[in-house]
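Trainee: I'd like to learn how to read a two-chain model. Where do we start?

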Amino acid sequence: MAIENDDDREKAAELYRLYSSTMLYIAKSILHDHYLAEDAVIQAFIRIIDNLNKIKTINCYQTRGFVVIIVRNIAFDFLRHQNRSKTVSIDDNLDYLSDEEPVLDNITTKEACSRITDAITKLNKNYSDILYLKMEFEYSNKEISKILGISEENAKMRLSRARRALKQKLLKEEG
Amino acid sequence: MTDDRKKEILFDTLIKLSVSEALEKEISSLPSIEGLNQEYEPSQALDKRINSIISKGCRRFKIKWFSKKLRKIAAFICILFTMSSVVLLSVCATRNAILNAVIQLQKKYAEAKFVGSATSATYQQLICPKDFVKVQVKKFGNTVIVTYSNKDGKEILFSQWGYNKGVSLVDNENTNYMETEISGEKAHLFKAQTEEDSNTLIWQSKGIVFELTPKISSDELKLIGESLKK
């Protein structure tokens, strides 16, 4: 998918006009460098164009969320490249995670959802993003891999780890 | 279904219900677009590069689209050309085969055409050499074939038929053609090249075509022809 006609061109221009500042804000908050942030925005915009068909409505929180997820992942990639020697891993401290299910039996669905919502927002962004893409946008692993610029296998693994991390977060809060 | 599996499904369902709220919550927590537009205005260089990406994206797609179309058209032309060639060649081959067959046929046979009006002429008796006797008479439509034979087993085939328009084909593969006259009428003589082949004499008279096919000499043949009543 790319810019195929004038409508797509208009859509891409409108997306940039509306969300360029949000993209810059997200990228700069991660990279703390204006020029690097602009480079990340450019990369993110190319990826948005590649996935332009997934955007139906421009001005809505889902589209803003989609743009934020893409720019955030690109910025993290930039950061990883910068700190390659430090080998910062998003999977830090995951080894101890168990597959034990969190106790959600004795509370109402509303309370459970509220607790899960809080836990998701507190998750490592790499995990929350993949949960958003899978559960909210309902993309396949293949689509997710294209959006995040990772392999399909990696997307599958990250999704599984995100679920485990969420369970762990909920268990921790229970305790 | 095991309890663990049930719990897993329940957990996934709850995530699905919560994730939308979590995303909305997270996006709502961001500063407003208007506020960010004032604080994080993209540089002119960034604007320029993004515009260039949009234009290039459109151009690249158009080039890709055109090359794809061109490839399809080229493939279509190739297929069309190949199929037309095959059809033309097969038509040509068929035509050549038919022509060759006709040529082969014409090489083997000489064609004698008779043009005139049908008459109610009566068929005639042949005066054969003395030792020949009539052994068989066959009628096919308006054609009468009389067979004469002698003691040595030699045969004279005497065919006669009335005509208005007709063609007689004579095997001339092993014969030499020459024109002659029988009782003042133009006649066609096909002289056998070997003793094993038969001579053939064809002529017409009073609305009847005569054809003699014996294994006797052409001079004798002409005498037999002349013997017919005028």
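Mentor: With confidence: pLDDT is the predictor's own confidence in each residue, on a scale from 0 to 100. This is a predicted model, where local features need pLDDT of at least 70, side-chain atom pairs count only at pLDDT 80 or more, and totals for chains, interfaces and linings use all residues. Residues are numbered from 1 along each chain as its sequence is written, chains are lettered from A in the order written, and side-chain values use heavy atoms, leaving out hydrogens and water. Chain A averages a pLDDT of 86, with 86% of the residues scoring at least 70.

Trainee: Where in chain A does pLDDT stay under 50?

Mentor: Where pLDDT is low, don't read the predicted coordinates in detail. Here that applies to residues 90-97 of chain A, where pLDDT stays under 50.

Trainee: How many residues does each chain bring to the contact?

Mentor: A contact means heavy atoms within 4.5 Å. Chain A brings 50 residues and chain B 38 residues.

Trainee: And how much area do chain A and chain B bury between them?

Mentor: Buried area is the accessible area (1.4 Å probe) that two parts lose on being put together, summed over both. For chain A and chain B that's about 4,400 Å², 71% of it on carbon and sulfur atoms.

Trainee: How many salt bridges are there between chain A and chain B?

Mentor: A salt bridge needs a side-chain nitrogen of Lys or Arg within 4 Å of a carboxyl oxygen of Asp or Glu. There are six between chain A and chain B. One of them pairs B:Arg49 with A:Asp39, their closest N and O atoms lying 4.0 Å apart.
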